[in-house]
Amino acid sequence: MSRLAATFEALSKAGRKALIPFITTGDPNPEFTLPLMHAMVEAGVDIIELGIPFSDPMADGPVIQRASERALAHKMSLRRVLALATEFRKTNQHTPLVLMGYVNPIEIFGYESFADAAKLADVDGILTVDLPPEEASEYGSLLKARAIDPIFLLAPNSTDDRIKKMDVLGSGYLYYVSLKGVTGAGHLNIADVEAKLQHIRANTQLPVAIGFGVKDAAMSKTIADIGDGVVVGSALISKIEANLDDLDTAKRDIIALLAAMRQAMDA
Amino acid sequence: MRVTKVNTMTEKYNMPDERGHFGVYGGIFVAETLIPPIQELNEAYQRYLKDPEFIAELSADLKNYVGRPSPLYHAERWSRHLGGAQVYLKREDLNHTGAHKVNNTVGQALLAKRMGKTRIIAETGAGQHGVATATVAARLGLECVVYMGSVDVARQALNVYRMKLLGATVVSVESGSKTLKDALNEALRDWVTNVDNTFYIIGTVAGPHPYPAMVRDFQTVIGHEAKQQCLEATGRLPDALVACVGGGSNAIGLFHPFIDDTSVAMYGVEAAGDGIETGRHSAPLSAGKPGVLHGNRTYLMSDENGEIIETHSISAGLDYPGVGPEHAWLKDSGRANYVSITDIEAMAGFHALTKMEGIIPALESSHALAYTMKLAPTMKKDDIIIVNLSGRGDKDMHTIAQREGIEL
């Protein structure tokens, strides 16, 4: 069983939901990320999504776009993201790591070489935003053959047929994009999310993490009651952006928000 | 065992496959939220391009609104001067709005209307596609938002003003390199947010399927007319076709109807900017490698980490790091040749046509003209070249004057 499956199973037994922070690797500089990852684990997160910076992040809102730009200014790259994952594993063997990014860096790396390198780095899942199932079957097999979970997105307008397709191709969990829009948008409609989750549950047994638009502890609690996991990204990265000249405060604010979310979700 | 390279070229050409692949190129590489609207668009495109009523309405609009057919003009004086092949210009610059772009926007706007969409979005580089989109949106009374990189907003101020007069909202994009690719990113973000009522009119033969095939189908009117006109004027097919390639819509529009006519050579001309060797160019087919961007696999300019490289060209319309997937396929198959022309050479092409024929070409088209100046002298006097004069140069007056140290 993969670390992701085991994590969701253990949480389910304990009646808890996964707290999943997303951070862009190397934002605002490469030295900031690793200590932040360890601190997030101490604050009670269950899975970490590490963003692979990309020059053209088409599905991301302005907050994550700027995070990518800051990281790329420090020459962050897919290779260095993998190196950082390797470094993290030296002292943490239990927290699942999911890499999330766009397909071109992986295409240029080479799909098979990348799958090998991700395995070597002991990464647990890969979410490739602009690689829908139509184009992902070979790549998905490469990952699964190495016990890495290919994670797919579901959207508010995904049909039942597509949910079934993701159920077959995906593993680990499915990431439900809770609104039509880019990351960090602010118009999450809880009733819509609840209604859609019923459709998703009817078509897959995979855990469903919900993201896009989760900003505070209260919302994380509401979302946790609907899904199996809560993804928070832009809200964390905003803390970095607000404190670029004082990164200790940035880190402290991120940890405080995650701790508050953890507490609200477990209450 | 079939040798695909040879056989696909001797059989009748029918790319792409039903999932939008031109060999390994093309496809659908977008986030999940865009899959349903792309499927909806594909169904509408498949249905209406076979619908006699739609075809009749499109044909009438192309004739009465765009002003087609555009002439095929024999540039006799320039041909004599070049001392080789006879050069014919396909006068897309004479279309309403001044470029070939309107052939496609008229078509996509009719689709939008039939699909019940009330809001149109577009990306633009030089502003020609933005103007062509704002034009058809005004005519149909649809809301229109055009995304344009802030660098392009500055160098194409005239077109920005035209779009605003036509009632469009022009959004200046400040992210990334602030040019066409960033405008495309921003348009995709808009589309993902407003999928229910919005139709995205992509201006070139790139993007997720069905865009490369659909935009091509709307642009092939160029090549169909040119073939007919050439046969009428000379009694035979041309020997060579020349067109500039940014995304590649005017080139594929001219080339496509000739793909099975293997005696006709095809030259796509990319922007070499300051020179391929400087790295400051926009020539992915000449100096890039395959990758994935903006919904399709194609030749791209990206670095060793897969990040997209900033491009350069004097011509905003060619300043793009990718190219339509069908061109990638035509390159690999050997059916078309891709060459490049620097900013300096393009300026020479611009002046040559202006002085010799009294036609002021767009900087994009000037790349095709500059390559023609190299090609024509190597050919016989009874050989025929058709050059796609894809747009007129009015929009470029400021850029050219500034480059030549003249204050307007």
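This is a dialogue on how to read some features of a predicted model.

Trainee: Which elements does chain A have, and how many of each?

Mentor: Start with the count of elements in the chain. Chain A has twelve helices and nine strands.

Trainee: What does the radius of gyration say about chain A?

Mentor: The general idea is to set the value against that of a compact globule with as many residues. For 267 residues such a globule would have a radius of gyration near 18 Å, and chain A, at 17 Å, agrees with this. The C-alpha trace of chain A spans about 45 × 40 × 35 Å along its principal axes.

Trainee: What share of the residues in chain A is buried?

Mentor: A residue counts as buried when its relative accessible area is under 20%. In chain A, 64% of the 267 residues are buried. The accessible surface of this chain comes to about 9800 Å², and carbon and sulfur atoms hold 53% of that surface.

Trainee: How are contacts in chain A spread along the sequence, and how do the charges lie?

Mentor: For contacts, look at the separation of the partners. Of the contacts in chain A with a separation of 6 or more, 72% are between residues 24 or more positions apart. For charges, compare the centres of the two sets. Chain A carries 26 positive and 34 negative side chains, and the two centres lie 3 Å apart.

Trainee: Which residues of chain A does UniProt mark as "active site"?

Mentor: Treat such a mark as a record entry, then look at the place of each residue. An unreviewed UniProt entry puts the feature at A:Glu49 and A:Asp60. A:Glu49 is in strand E2, residues 48–51, while A:Asp60 is in the loop between E2 and helix H3.

Trainee: Is A:Glu49 buried or exposed?

Mentor: A:Glu49 has a relative accessible area of 0%, so it is buried. Beyond its neighbours within four places in sequence, A:Glu49 has contacts that include A:Phe22, A:Met100, A:Tyr173 and A:Tyr175.

Trainee: Why does A:Asp60 count as buried?

Mentor: Compare its value with the cut-off of 20%. A:Asp60 counts as buried because its relative accessible area is 9%. Among the residues that A:Asp60 touches, leaving out those up to four places away in sequence, are A:Tyr102, A:Thr183 and B:Arg189.

Trainee: Which residues does B:Thr33 touch?

Mentor: Read the chain letter of each partner. Apart from neighbours within four places in sequence, B:Thr33 is in contact with A:Ala155, A:Asn157, A:Val177 and A:Lys180, as well as B:Val192 and B:Val195. B:Thr33 sits in the loop between strand E2 and helix H2 of chain B, and at 4% relative accessibility it is buried.

Trainee: What does the UniProt annotation say of B:Lys101?

Mentor: Again, keep the record apart from the geometry. The unreviewed entry gives "modified residue: N6-(pyridoxal phosphate)lysine" for B:Lys101. In the model, B:Lys101 is in helix H5, residues 101–114 of chain B. Its relative accessibility is 16%, so B:Lys101 counts as buried. Its contacts more than four places away in sequence include B:His129, B:Gly203 and B:Ser249.

Trainee: Where does UniProt place the domain in chain B?

Mentor: A domain is given as a span, and its make-up can be read from the elements. The unreviewed entry places "domain: Tryptophan synthase beta chain-like PALP" at residues 67–391 of chain B. That span is 41% helix and 22% strand, and its end C-alpha atoms lie 14 Å apart.

How values were computed: Residues are numbered from 1 along each chain as its sequence is written. Chains are lettered from A and ligands numbered from 1 in the order in which they are written. This is a predicted model: local features need pLDDT of at least 70, side-chain atom pairs count only at pLDDT 80 or more; totals for chains, interfaces and linings use all residues. Side-chain values use heavy atoms; hydrogens and water are left out. UniProt positions are given in the numbering used here, feature names are shortened, and annotations may be inferred rather than shown by experiment. Helices (H or I, at least four residues) and strands (E, at least two) are DSSP runs, numbered from the N terminus. Buried means under 20% relative accessible area, exposed over 50%, partly exposed in between (1.4 Å probe, protein chains only). Contact means heavy atoms within 4.5 Å. The radius of gyration is taken over C-alpha atoms; the globule rule is 2.2 Å times the number of residues to the power 0.38. Accessible areas come from the Shrake-Rupley method with a 1.4 Å probe; for residues, only the protein chains shown count as cover. Lys and Arg count as positive and Asp and Glu as negative; His and the chain ends are not counted. The place of a charge is taken as NZ of Lys, CZ of Arg, CG of Asp or CD of Glu.
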